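Colleague: Got a minute to walk me through this one? I'd like to go over a strand residue and then some helix packing.

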Amino acid sequence: MRTAWPEQKEAFMFAGVNDDMRILQDVVRSLRNLRAEAHVPPQQWLNRAVVRVASGTHTAEVLKASVNQVCNLCRVREVLLEEPGKEWAYGASLSSVTGDCEVKLPVGDVLDVPKEIARLQGEIAAVEKNIAASQARLNKADFVARAPAEVVEKERGKVSEGTAQVERLKANLESLSR
């Protein structure tokens, strides 16, 4: 109870480690989100994931050193690092952009692609319907004038979140349709 707090030691300070960890976390989060969007069960192993990042960058070096961790954390057998302009040769995939890299998850061998396309189209329609409902409320001058400010902001937030979600779903739909 009376002991002093431990003192920070310079020998245990590693410059840049937080940035490196943030890069790794962003890629893992993106891959896990893509798995969740495709409704791939967390326990199912996927064959590969592809991260497109310019070689020679700090991000590429961090990911090259952490490929095994990404594989284990995302339940992927192989993570390939590719240049951004390389032609895509892995079939239907979902993709996401994080930082200075694009994360792509080939799902053609684990999903029924036509069924997934239909599901995404239905999800896009549902989100667009919600956006339209929120936008209709915001277009009413009476609603904006009488509603509390936090309610109006909540509706605006729903519109902006829904718009971002539709863009992400459309990008996934486009990548599956190729």
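Modeller: Sure, a term to begin with: buried means under 20% relative accessible area, exposed means over 50%, and partly exposed is in between (1.4 Å probe, protein chains only). Also, this is a predicted model, where local features need pLDDT of at least 70, side-chain atom pairs count only at pLDDT 80 or more, and totals for chains, interfaces and linings use all residues. Residues are numbered from 1 along each chain as its sequence is written, and side-chain values use heavy atoms, leaving out hydrogens and water.

Colleague: OK, is Ser95 buried or exposed?

Modeller: Buried, because its relative accessible area is 15%.

Colleague: And where does Ser95 lie?

Modeller: In strand β3; strands are DSSP runs of E, at least two residues, and helices runs of H or I, at least four, numbered from the N terminus.

Colleague: What stands opposite Ser95 in β4?

Modeller: Lys104 does. β3 (residues 93–98) and β4 (residues 101–106) run antiparallel, joined by 6 bridges; pairing takes at least two DSSP bridges.

Colleague: Which residues is Ser95 in contact with, leaving aside neighbours within four places in sequence?

Modeller: Leu34, Glu102, Val103, Lys104, Asn172 and Ser175, with contact meaning heavy atoms within 4.5 Å.

Colleague: Switching to helices: how do the axes of α4 and α6 cross?

Modeller: At roughly 160 degrees, coming within 9 Å, for α4 (residues 113–139) and α6 (residues 149–177). Axes are lines fitted to C-alpha atoms over the stretch in contact, with angles from 0 to 180 degrees between N-to-C directions. So α4 is roughly antiparallel to α6, as angles over 145 degrees count as that.

Conventions
Parallel < 35°, antiparallel > 145°, perpendicular 65-115°, else oblique.
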